[in-house]
Amino acid sequence: MKITREVDYGIRTIRALADGETRTIKFICDNEDIPIDSGYKVFRKLKESNIISISVGAKNVGYKLLIDPKSMTLLDVISALDDELYI
């Protein structure tokens, strides 16, 4: 199985949100060493797959994990971010 950079960023994003807190994209990207442009792309795909949610506040946009990280699998992340899956 090939783990792409995008999947790696997705895993890092889930790790950053695993405590259940709402975080900004800047916070996550800074703390997880994800380029901000790649972060937007990954976050969009994770949102479309109902893995994270976006909440719009007065000052910042926040992201929150929708799925319990203990029940998530690596396949869930790969399926959300990669069009082609080879196992």
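This report describes salt bridges in a predicted model.

The structure contains seven salt bridges. Three of the pairs are listed below with the distance between their closest N and O atoms.

| Acidic residue | Basic residue | Closest N and O atoms |
|---|---|---|
| E32 | R15 | 2.4 Å |
| D19 | R23 | 2.5 Å |
| D30 | K26 | 2.7 Å |

The bridge between E32 and R15 connects two helices: E32 belongs to helix α2 (residues 25-32) and R15 to helix α1 (residues 5-17), so the pair ties together parts that are 17 residues apart in sequence. E32 has a relative accessible area of 11% and is buried, because the cut-off for buried is under 20%. R15, in contrast, is exposed at 56% relative accessibility, as the cut-off for exposed is over 50%.

The pair of D19 and R23 joins a partly exposed residue to a buried one. D19 is the partly exposed partner, with 48% relative accessibility, and R23 is the buried partner, with a relative accessible area of 18%.

The bridge between K26 and D30 lies within helix α2, where the two residues are four residues apart and therefore separated by about one helical turn. K26 is exposed, its relative accessible area being 53%, while D30 is partly exposed at 48%. Elsewhere, E6, K41 and K45 are joined into one network by salt bridges that share partners.

Key:
Residues numbered from 1 in each chain as written. Predicted model: local features only at pLDDT ≥ 70, side-chain atom pairs only at ≥ 80, totals over all residues. Heavy atoms only, no water. Salt bridge = Lys/Arg side-chain N within 4 Å of Asp/Glu carboxyl O. Buried < 20%, exposed > 50% of the residue type's maximum accessible area, 1.4 Å probe, protein only.
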